[in-house]
Amino acid sequence: MDPILVNEEKCVGCELCVKDCPSSYLYIENGKAHTNKGGCLECGHCYAVCPQGAITMAGYDCPEEAVFPMTEISSDKLLAAMKSRRTVRQFTDQAVEEEKIQKILEAGRYSPTGGNSQNVSYTILGSRQAEAESLCVELFRKGTSLPRRMKSVSERFNIPDNFFFKGAPLVIVVSSRSTVDAGLASSYMELMAESLGLGVLYSGFFVMCTRLSRKLRRLLSLPKGHKAMTCMVIGYPAVKYQRIVPRKPLKSKML
Ligand SMILES: Cc1cc2nc3c(=O)[nH]c(=O)nc-3n(C[C@H](O)[C@H](O)[C@H](O)COP(=O)(O)O)c2cc1C
């Protein structure tokens, strides 16, 4: 089925869709936009750019949602907020409201993906959170099958029952075939979570455990071909930072 539907009565042949299409899927003939065969990324640029609203996408809801340019947000404030973001490792036990969870997931859904694959999935541990954490704790306490780097952690620290999720009420495992797509989605989600007054910890240790424990992978039952790429531990922070942290000097050059 052709994913792009052009309403010829509305189309004025302005070519904006043709110019913005990344895969040369559209062309103008007799003053109207038409579609080629195959190769459409379903990125929606033609839908978004058309001043006439002449395009719809088959298989997608096409609500008329107005754009909100990033320029509406002060860049100084945005940068200051980004620099003020901290990894949170102390949480209150206040639950995260459903509405906020949906906003965090929506931020992930709207992150860019290579080739517009949109192949990132979000698994909320929910009722299986305690079970998943205790599997990881057991793995770390035993230590036998751990790679060297993790072994040193498990030897150095006394691994408490809440070592992985720190008592946070919400854990989302972001999975994909692509590390980059999952990483970008996670970053979008993290910023959204922060703007909602929540704190986030990326549990890299949990992700490592998913590589080591078949039992844990079964519990997660991720989509076929997906790997857990990030594990986002989310809740209301029980810590407040007074200043922005120092960072190493910028590594950048102009060629
Ligand atoms: C991919 C990734 C995995 C991480 N895994 C862990 C983890 O398992 N445990 C932990 O305490 N912090 C973890 N962190 C947090 C980093 O230690 C933290 O980002 C870094 O110390 C800088 O602190 P900041 O985020 O407050 O700027 C992880 C961060 C990233 C990006």
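Just after helix H5, Gly143 takes a positive phi of about 75 degrees. The model in which this appears is a predicted one, and the helix that ends there is a useful place to start.

Helix H5 covers residues 129–142. At 1.5 Å a residue, its 14 residues should span 20 Å, and the C-alpha atoms at its ends are indeed 20 Å apart, so the expected and the modelled spans agree. Within H5, the buried residues are Ala132, Glu133, Cys136, Leu139 and Phe140. Viewed down the axis of H5, these buried residues fall within an arc of 120 degrees, and therefore they line one face of the helix. The general rule behind such a pattern is that an α-helix has 3.6 residues a turn, so residues three or four places apart point the same way. The face of H5 turned away from the buried side carries the exposed residues Ala130, Glu131, Ser134, Arg141 and Lys142.

What does the buried side of H5 pack against? Its partners are helix H6 (148–156), H8 and helix H9 (214–220). Helix H8 spans residues 204–212, and its own buried residues are Phe206, Met208, Cys209 and Thr210. The elements that cover them include H5, H6, H9 and E8.

From the helices, the account turns to the strands. Strand E6, residues 170–176, is mostly covered, with 7 of its 7 residues buried. In a regular strand the side chains alternate between the two faces of the sheet. In E6 both faces are covered: Leu170, Ile172, Val174 and Ser176 are buried on one side, and Val171, Val173 and Ser175 are buried on the other.

Strand E6 also pairs with other strands. Strand E5 (residues 120–124) runs antiparallel to E6 and is joined to it by 5 bridges; here Thr123 stands opposite Val173. Strand E8 (residues 227–235) is likewise antiparallel to E6, and this pairing has 7 bridges. In that pairing, Ser175 of E6 stands opposite Ala228 of E8.

The last part of the picture is the ligand. Which residues surround the ligand? They are Arg86, Thr87, Arg89, Leu201, Tyr202, Ser203, Gly204, Phe205 and Val245. This shell divides into 4 nonpolar, 3 polar and 2 charged residues. Strand E7 (199–202) and helix H8 each supply at least two residues of the shell. Helix H8 thus appears twice in this account, as a contributor to the ligand shell and as one of the elements against which the buried residues of H5 pack.

Methods. Residues numbered from 1 in each chain as written. Predicted model: local features only at pLDDT ≥ 70, side-chain atom pairs only at ≥ 80, totals over all residues. Near = placed C-beta within 6 Å. Helix = DSSP H or I, 4+ residues; strand = E, 2+ residues; numbered from the N terminus. Nonpolar A, V, L, I, M, F, W, Y, C, P; charged D, E, K, R; others polar. Expected span 1.5 Å × (residues − 1). Buried ≥ 20, exposed ≤ 12 C-beta atoms within 10 Å, placed from the backbone. Arc of directions from axis to C-beta. Contact = placed C-beta atoms within 7 Å. Pairing = 2+ DSSP bridges.
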